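User: I would like to learn how to read interfaces in a model with two chains. Please take the general idea of each feature before the case at hand.

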Amino acid sequence: MTTVLQVNNLQVTYYTDSGRARALDGVNLTLNSGEKLGLVGESGSGKSTMALAMMRMIKLPGRIEGGQVIVDGNDLMALSEEEMLNARLSEITYIPQGAMNSLNPVMRIGAQMVDAIKAHDSKSSKSAIEERCMEALESVDLGRNVFRMFAHELSGGMKQRVCIAIGILLKPSVIIADEPTSALDVVTQRQVMETIDRVQKDIGCAVILIGHDMGLMCQFVDKVAVMYAGRLAEVSTVRQMFSDPKHPYAQALISSLPSLENKGVFHGIPGLAPSLLRLPSGCTFHPRCPHVMEVCKTTVPALRTVPGGAQVACHLYPEKA
Amino acid sequence: MAFARLLIRRLLFLLVVIWAASTITFFVPRLSPRNPVRERFAALARSGGFSPTDLEKIIAAYNTKFGFDKPLWRQYTDYVGSLARLDLGLSANQYPKTVIQLIQESLPWTITLLLTTTILSFIIGNLLGAVAAWPRAPNWLRSIATPFMLLQGVPPIILAVLLLFFLGFKLKLAPLGGAYSIGVIPHFSATFVWDLFKHQILPALSLIFGSVGGWVLSMRGMGVTIQGEDYVIFAEHKGLHGFTIFRDYFLRNALLPQVTGLALALGSVITSGILVEGVFGLPGLGSVLGAAIQSNDFLVIYGIVLFITVSVATMMVIVELLYPLLDPRIRV
């Protein structure tokens, strides 16, 4: 188990007309090869911003204010623009949310795979590149004939698998899949998730899976990270997260999942997610927290490991001695 | 097989369009009581030489020759019959020239000038519009489009007069009008071709400046939508170079609706050139049509309008048949 991804103190701010919005406020994360992490949190909590920041694809008015994203020992934030172009897809890959429209309608699927390889590898012969594309298509259970097809000839699940095939063309160390199943029906969702699972085992990379669907999440990932208002609230294994969540927000999130025992009862989380323009002082969850203490209103809790192995950012838990 | 069926359907449609257009153009000039034969001889009589009694006889004779004395429905059936034989008839005003001769003489001038300028402004306008919509293009490059968008509000004829005055009259950079220098006999040589070219510069500039802005505006509007599309963003995630994304993902998609616009613009080159040809005294189809309308020389109007209709309709059919090559989603 080697560390392939290390995110240190990553910060992103959006400069809007109504003020600065801290979308990502000092996120720390470590991922080993072969590990699958689920990133959950409500809308606007910073999940997609984190994915884009790791790809260095934050666009104005957003800016990456600081931090490191270390993939295989290289800090992506220190690379030149040209080097970063090369790192995308070959070191770190992003599988997009809206896979329905993520393929160019006027280019054949093959051409969209070939140009991706050519951008990173100018030496290989045409036939070698095409063979690699065909193999990638086969590895996601698509026929070689898809190479000559257009996006409109494919179903939603097939398009999403083409995106995965493009994502793994250069055998990256980290794959970020941003809600890869959001527009698909449950049967196709399962196929897509199994595909991601298998290609991850094939190339031995780490996967970050962003999503809302806790049920789908817990079947496929090893660890779950809960985000709240641009910070990580808790990172723990799936089992710990679902049986014994530590952070009050994670507890509320888990207990809001419907289950057969409390049929008909719907547990929401009281209050609203804070505006990123006016974040509460101290722990950003304190206005909604049932266990709020004085210290929560003034001091930002750091993410630390508590007994049992979970990482939690909450003043309720003393640091492990 | 599907393609052959489509082709036949389109060609039949083309015939219907031609019939409908020629019928409408047949009746509209007839709403006016003016008779081209009478106008022609009245003009001659004013310059002297005819006695009024002879004049009426001559006019009656020519009316019979042109068939203007028959009832209107009879004239219509004769007209449709001669169209079917590709006979467009005679010009009353420039008798004894046939309408086809008039078109043959003037068409090359119009085609060379307007085809070139339409295609040039399509290329320039779409590139400028695409760059203006592309967020990663340098600012100075994006700002080139702005003056052209302003010029879009100015009619080409005003531009023509302004260019004529400043570049032609004040700075003497280009000749003031005509198709070639006065006194030169058309022949094939380098000096004559250069002379022809010089006379086309100002008309071409006014047509280009007048139409580039339209392409810029529509392309920029299209481009703003396309640059936010998921496939453009995914292309960036793939680590492609900016130029590749611009050309293959952005431009190719944004250009699709513009091609339809190009077909319409190519079809209407003759009408869009009428005024500019008039200002510069070019002997093109527009000038001929303008003169024919003034003297109500309806066979010439019929002929040229029919020619325009056929060219627009043919362009549309050609584009419709070519479009599937550009957009795979509508391939049959």
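User: Which residues of H2(A) are buried?

Analyst: One point beforehand: this is a predicted model. An α-helix has 3.6 residues a turn, so residues three or four places apart point the same way. In H2(A), the buried residues are Met84(A), Leu85(A), Ala87(A), Arg88(A) and Leu89(A).

User: What covers the buried residues of H2(A)?

Analyst: The cover includes H1 (47-54), S6 (92-95), H3 and H5 of chain A, together with helix H10 (230-237) of chain B.

User: How is the size of the interface between chain A and chain B given, and what is the area?

Analyst: Interface size is often stated as the accessible area lost when the parts come together. Between chain A and chain B about 2,200 Å² is buried, and carbon and sulfur atoms give 61% of that area. Leu85(A), Pro105(A) and Val106(A) supply 24% of what chain A buries against chain B, more than any other three residues. Leu85(A) is also one of the buried residues of H2(A). In residues, the contact takes 28 from chain A and 20 from chain B.

User: How many salt bridges and polar contacts are there between chain A and chain B?

Analyst: The count is two salt bridges and nine residue pairs in polar contact, with both residues at pLDDT 80 or more. One of the salt bridges joins Lys59(A) to Glu236(B), with the closest N and O atoms 3.1 Å apart.

User: Which element of chain A gives the most to the side that touches chain B?

Analyst: H3(A) does, with five residues. Helices H2 (81-90), H3 (109-120) and H5 (156-167) of chain A each supply at least two residues of that side. By residue class, the side of chain A that touches chain B has 16 nonpolar, seven polar and five charged residues.

User: Can the reading be carried over to domains within a chain? Where do the domains of chain A lie?

Analyst: The steps carry over. The domain assignment gives domain 1 (3-221) and domain 2 (248-321) in chain A, and their C-alpha centres lie 29 Å apart. Contact involves 13 residues of domain 1 of chain A and ten residues of domain 2 of chain A. These domains bury about 840 Å² between them, 64% of it from carbon and sulfur atoms. On the domain 1 side, Arg22(A), Glu42(A) and Met214(A) lose the most area to domain 2 of chain A, together 51% of what that side buries.

User: Which residues form a salt bridge there?

Analyst: The rule finds one salt bridge across this interface: the side chains of Glu42(A) and Arg288(A) meet at 3.6 Å, N to O. Strand S2 (residues 19-32) of chain A gives the most to the domain 1 side, with six residues. That side divides into four nonpolar, six polar and three charged residues.

User: What area do the domains of chain B bury?

Analyst: Chain B is divided into domain 1 (33-87) and domain 2 (106-330), with C-alpha centres 39 Å apart. Between them they bury about 640 Å², 68% of it on carbon and sulfur atoms. Arg34(B), Pro36(B) and Tyr79(B) supply 67% of the area that domain 1 of chain B buries against domain 2 of chain B. The count of salt bridges between these domains is zero, and the rule finds zero residue pairs in polar contact with both at pLDDT 80 or more. Helices H2 (36-46) and H4 (72-84) of chain B are the elements that give two or more residues to the domain 1 side, where five residues are nonpolar, none polar and two charged.

Methods: Residues numbered from 1 in each chain as written. Chains lettered and ligands numbered in written order. Predicted model: local features only at pLDDT ≥ 70, side-chain atom pairs only at ≥ 80, totals over all residues. Heavy atoms only, no water. Domains from an automatic or database assignment. Contact = heavy atoms within 4.5 Å. Buried area = accessible area lost by both parts, 1.4 Å probe. Salt bridge = Lys/Arg side-chain N within 4 Å of Asp/Glu carboxyl O. Helix = DSSP H or I, 4+ residues; strand = E, 2+ residues; numbered from the N terminus. Nonpolar A, V, L, I, M, F, W, Y, C, P; charged D, E, K, R; others polar. Polar contact = N/O pair within 3.5 Å; in protein donor to acceptor, adjacent residues only side chain to side chain. Buried < 20%, exposed > 50% of the residue type's maximum accessible area, 1.4 Å probe, protein only.
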